[in-house]
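Please open the model in the viewer and keep the sequence panel in sight. The tour below proceeds by selection, one stop after another.

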Amino acid sequence: MPLKTYGVLIGRAVDTRREGGSDSPHYQIHVTDDAGTGYRAAVNVLSQQQPSELLYFVSDDFLHPVTDRLAGLASGWNTLPSGPGGPNLDFVRGNLFDPALMRKLPPDLEGPDNDLADLLDHSVRRAVADRDARLYLFGERWGPEARTRDKVFGFLPGNGVHDIHMNQGNSGRFRDSDGVWQDGGLLVHFPARSRWVAVFLAFQSQSWKTDDVTGHAIGDLDGSRPVPGTRPVRIVAALVNPRGPAPEAESVTLLNASPDPVDLTGWQIQDRLGRYSAVPAGPLAPGAGLSVRLDGGAELGNHGGEISLLDAGKLKVDGVSYTAEQAAREGWSVVF
């Protein structure tokens, strides 16, 4: 079953703690909302399953339509309904980042800038120093516990969020937490600089090929995360905002970057809401491009969106995202 209470905590970072040990250490963040209510965000830095080191991806200039979807949410805890369309995170379907770019780090080592706690410190301590900065922490809530003080920061009632990591494709006893559109993550907004910072974490034991309904792993768990430079067909551009009256001739451009032809029979273009448009059947020659016109099915909104390329087995081959700002120039293609 999916997480019991998935959502996003919005507030100001006021303090941090680093936990050592080899059991289940966390990087702890003390967050307060606009009403002064305290929360603790417990971020895993070590996996209980082997391999123990977590995978991470950090963007110091995060550009994705999910940041616009967060506008209007209240300070404090916000429960998010299941499914696409809102600000929910999904590492497989949301095209938040390229999983092939994730790297692994040990949880806590002597010395500077050499472990996962240091990496989290780099972003969160900047938010502590900037009173205008706001944290957006996605995961599962616990509490409030009216008579229990927080075990790390001592505020009352105990209250917080955990599972701030990928929450699908699990194995063993963690499989019960699988779900789609319920992944965790840490976003930091620095309004004075009009900049978002994003930190995404995953366990090496998790699969990146997951069922669209249950979030359970599909097939062999080994090697399911993309390897840099190995995707044969990629989305390289999209005409999101064509000139002329509606219905507009939106299109997505594919490139076969491999040295061999790829048969695109049965392949599809998918938008964030799960609508499909067929890719023309037949082989795509090595180095060749193909413009796929979206006649019905998938739609590319001008307010930002995500585009995924699925093969004949409906497994994701590639995915990209674009913001409203990138789509604003009528007639211009967004290049990825």
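**A first pair of residues**

Select Val58 and the residue that stands opposite, Val199 in strand β10. The model is a predicted one, and every stop on this tour should be read with that in mind.

**Strand β4 and its two partners**

Extend the selection to the whole of β4, residues 54-59. Five of its six residues are buried, so the strand is largely enclosed by the rest of the structure. Next, add β10, which comprises residues 195-203 and pairs with β4 in the antiparallel sense over six bridges. The other strand to add is β6, residues 103-105; its pairing with β4 is also antiparallel and extends over three bridges. To locate this second contact, select Leu54, whose bridge partner in β6 is Leu105. Strands of a sheet pair through backbone hydrogen bonds, so the backbone atoms should be displayed at this stop.

**Strand β7 and its three partners**

Which strand is joined to β1 by six bridges? Select residues 134-145 to find β7, which runs antiparallel to β1, residues 6-18. Within this pairing, Tyr6 stands opposite Glu140 of β7.

Keep β7 selected and add β9, residues 185-190, which pairs with β7 in the antiparallel sense over five bridges. Here the residue to pick is Arg134, which has His189 in β9 as its bridge partner. Then add β8, residues 158-162, joined to β7 by four bridges and again antiparallel. At this pairing, Glu145 is found opposite Gly158 in β8.

**A sheet of four strands**

Clear the selection and display β17, β12, β11 and β20. In that order they form an open sheet with antiparallel pairing. The edges are occupied by β17 (289-293) and β20 (334-335); each has a single partner strand, so one side of each is left without a neighbour in the sheet. Colour β11, residues 233-239, to see its antiparallel pairing with β20, which extends over two bridges. Ala237 and Val335 of β20 stand opposite each other.

**Val320 and its surroundings**

Select Val320, which lies in strand β19, residues 316-323. Is Val320 buried or exposed? Its relative accessible area is 10%, and Val320 is therefore buried, the cut-off being under 20%. Now display the residues that Val320 touches, leaving aside those up to four places away in sequence: Asn95, Ile235, Gly305, Glu306, Ile307 and Phe336. A distance may also be drawn from Val320 to Gly85: the two residues are 235 apart along the chain, and their C-alpha atoms are separated by 16 Å.

**The whole protein**

Finally, clear every selection and view the entire chain. The protein has two helices and 20 strands. Its C-alpha atoms fill a box of roughly 65 × 45 × 40 Å along the principal axes. A compact globule of 336 residues would have a radius of gyration near 20 Å, and the 21 Å of this protein agrees with that.

Colouring by accessibility is useful here, as buried residues make up 51% of the 336 residues. With the surface displayed, about 15200 Å² is exposed, and carbon and sulfur atoms supply 50% of it. Of the contacts between residues at least 6 apart in sequence, 65% join residues at least 24 apart. As a last view, colour the 32 positive and 42 negative charges; their mean positions are 3 Å apart.

Technical notes: Residues are numbered from 1 along each chain as its sequence is written. This is a predicted model: local features need pLDDT of at least 70, side-chain atom pairs count only at pLDDT 80 or more; totals for chains, interfaces and linings use all residues. Side-chain values use heavy atoms; hydrogens and water are left out. The radius of gyration is taken over C-alpha atoms; the globule rule is 2.2 Å times the number of residues to the power 0.38. Buried means under 20% relative accessible area, exposed over 50%, partly exposed in between (1.4 Å probe, protein chains only). Contact means heavy atoms within 4.5 Å. Accessible areas come from the Shrake-Rupley method with a 1.4 Å probe; for residues, only the protein chains shown count as cover. Lys and Arg count as positive and Asp and Glu as negative; His and the chain ends are not counted. The place of a charge is taken as NZ of Lys, CZ of Arg, CG of Asp or CD of Glu. Two strands pair if DSSP finds at least two bridges between them.
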